[in-house]
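Work through the two exercises below with the model open. Try each task before reading its solution.

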Amino acid sequence: MIEKRNNRPNVWDRVDDRMQAAMHSFSQGYLDFLNRAKTEREAIEYIQQKAQQYGFTSLEAQNSIKPGDKLFVNQKGKLMALIIVGQNPLDGFNLVVSHVDTPRLDLKPRPLYEADNLALFKTHYYGGIKKYQWPAIPLALHGVVVKKSGERITVCIGEKEDDAVLAITDLLPHLAKDQMEKKMNEGIKGEDLNIVVGSYPLPDLKEDAFKQHILNLLQQQYGIEEEDFASAELQAVPAFKAREVGLDRSMIGAYGQDDRVSAYTSLEAVLALKQPVRTVICLFADKEEIGSTGNTGLQSLALENIAAELLTKSGIKDYYQVRKTLARSFALSADVNAAVDPSFPDVFEKMNCSYLSAGVVLTKYTGSRGKAEANDANPEFVASIRRLFDEAGVVWQVGELGKVDIGGGGTVAQYLACYGMEVVDCGVAVLSMHSPFEIVSKADIYMAYQAYRVFMEKMS
Ligand code: MN
Ligand code: MN
């Protein structure tokens with residue numbers, strides 16, 4: 001058996017045919033999830049439905065809780081906690097925390113206009129995108145519109161086989177001499193990301209004929225009026241489906257795998273748990289891509305409130321115990337890292353970056369400019385994770401995000417660490433991260449699932 005490739009173990013070398021078959025079949029469920037859940041709301045809806053099938057009930061509806069209870073908390077349809085209550089709630093939690101928001105293009109509050117025989121939507125991008133990647137691909141529109149009456153209208157256009165899709169245009173090469181000489185981040189600007197939504201004028205209308213036709217269609221099909229965009233969350237996302245990648249079908253390519261690969265694998269892990277000794281919380285957060293802000297992001301008191309409710313309903317009404325329990329907790333910040341890309345070797349320090357199919361990645365610290373804004377995990381905790389994974393046969397690797405001072409990034413780890421709990425980043429390596437078509441290895445997906453499962457069950 002080959003021990004190492006590129007200084008790393010390779011999962012495919014390490015597992016037998018039966019396990020390889022399990023990896024391929026596990027990825028089929030993942031493909032389905034990716035196609036159903038392209039927004040945070042859709043992901044939370046999927047997760048809640050699946051959890052209810054497995055016997056999870058709303059924490060809010062319970063007056064008291066006891067060991068073994070399976071509970072969920074749904075915060076505004078965009079953040080969810082799945083909880084399995086352990087033997088002693090004061091012992092601290094085993095937390096696995098992923099995020100379900102993804103870089104995308106949000107419609108502005110007044111999006112619709114017409115110009116040059118076209119009707120278009122104006123957008124404001126969300127999260128870190130390379131803007132040039134978004135023109136000239138099919139786009140779908142997902143989200144909700146809330147009418148003044150409070151009625152909520154769900155929108156999903158461009159996903160069904162016979163749906164029409166939307167698109168942003170790009171300049172033809174023949175006329176792009178000036179554009180092509182610009183810096184890449186100036187070739188397509190934020191205000192250029194306008195989505196073409198129509199080109200048919202209402203007959204007999206002299207002004208706004210293209211725009212008015214779209215408004216009529218929205219009114220007829222959804223009951224939406226122009227002013228309703230002001231209270232809407234409509235997101236343009238790639239319209240194509242998740243696919244297997246490679247002649248060997250060893251990879252998955254899709255939009256939104258940062259961080260739905262962690263969301264799906266941690267969901268499957270918590271659903272597979274029997275009766276953990278410590279209380280397990282599988283948390284799916286929103287707003288990570290814009291700094292974990294807002295009341296569904298992890299800079300909010302969401303986790304603290306959930307902990308307080310859990311303890312109160314376990315009969316512990318002492319707030320100091322909430323703090324103590326959080327400080328006694330262990331967490332995996334389940335998020336992706338960048339895989340070494342052979343086409344861009346200059347940005348990777350190959351001894352310390354992560355590789356595709358080399359197992360789940362432990363990232364001791366993220367950050368930039370000398371680890372600024374990193375949670376630098378304590379070596380005592382990382383050692384216990386190493387022991388846990390090795391004993392369970394979880395193939396893992398270390399991973400830094402690129403070379404020193406080449407860029408950087410952060411995760412939710414720092415917003416968990418603030419409670420005093422031990423936390424380390426742990427997720428899969430991704431190629432083309434934050435692009436409309438991100439690539440991961442089926443072997444790493446399965447190792448992430450196993451890593452989260454053994455952590456939830458056995459970390460103590
Ligand atoms: Mn992420
Ligand atoms: Mn990200």
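**Exercise 1. Trace the sheet outward from one residue pair.** Start at L120, find the residue opposite it in β10, and then place both strands in their sheet.

Solution. The model is predicted.

Step 1. L120 faces V196 in β10.

Step 2. Go from residues to strands. β6 covers residues 118-126 and β10 covers residues 195-198. The two pair in the antiparallel sense, over three bridges.

Step 3. Widen the view. The open sheet has seven strands, with antiparallel pairing. Their order is β8-β7-β11-β5-β6-β10-β9.

Step 4. Read off the edges. β8 (152-157) and β9 (167-168) each have a single partner strand, so one side of each lacks a neighbour in the sheet.

Step 5. Add the helix. α6, residues 209-222, packs on this sheet. The helix touches β5 (104-115), β6, β8 and β10. The direction of α6 makes about 125° with that of β5.

**Exercise 2. Analyse a metal site.** Which residues coordinate the manganese ion (ligand 2), and how are they spaced in sequence?

Solution.

Step 1. List the donors. D258 gives an OD atom, E289 gives OE twice, and H434 gives NE2. Distances run from 2.1 to 2.6 Å.

Step 2. Write the spacing: D-x30-E-x144-H.

Step 3. Locate two of the donors. E289 sits in the loop between β14 (279-285) and α8 (302-313), and H434 in the loop between β20 (429-430) and β21 (438-441), so this pair ties together parts 145 residues apart in sequence.

Step 4. Check burial. E289 and H434 are both buried, that is, under 20% relative accessible area.

Step 5. Look for a second metal. D258 bridges ligand 2 and the manganese ion (ligand 1). The two ions lie 3.3 Å apart.

Notes. Residues are numbered from 1 along each chain as its sequence is written. Chains are lettered from A and ligands numbered from 1 in the order in which they are written. This is a predicted model: local features need pLDDT of at least 70, side-chain atom pairs count only at pLDDT 80 or more; totals for chains, interfaces and linings use all residues. Side-chain values use heavy atoms; hydrogens and water are left out. Two strands pair if DSSP finds at least two bridges between them. Helices (H or I, at least four residues) and strands (E, at least two) are DSSP runs, numbered from the N terminus. Contact means heavy atoms within 4.5 Å. Axes are lines fitted to C-alpha atoms, for helices over the stretch in contact, and angles run from 0 to 180 degrees between N-to-C directions. Donors are N, O and S atoms within 2.8 Å of the metal (3.2 Å for Na, K and Ca); water is not among the atoms, so sites may look incomplete. Buried means under 20% relative accessible area, exposed over 50%, partly exposed in between (1.4 Å probe, protein chains only).
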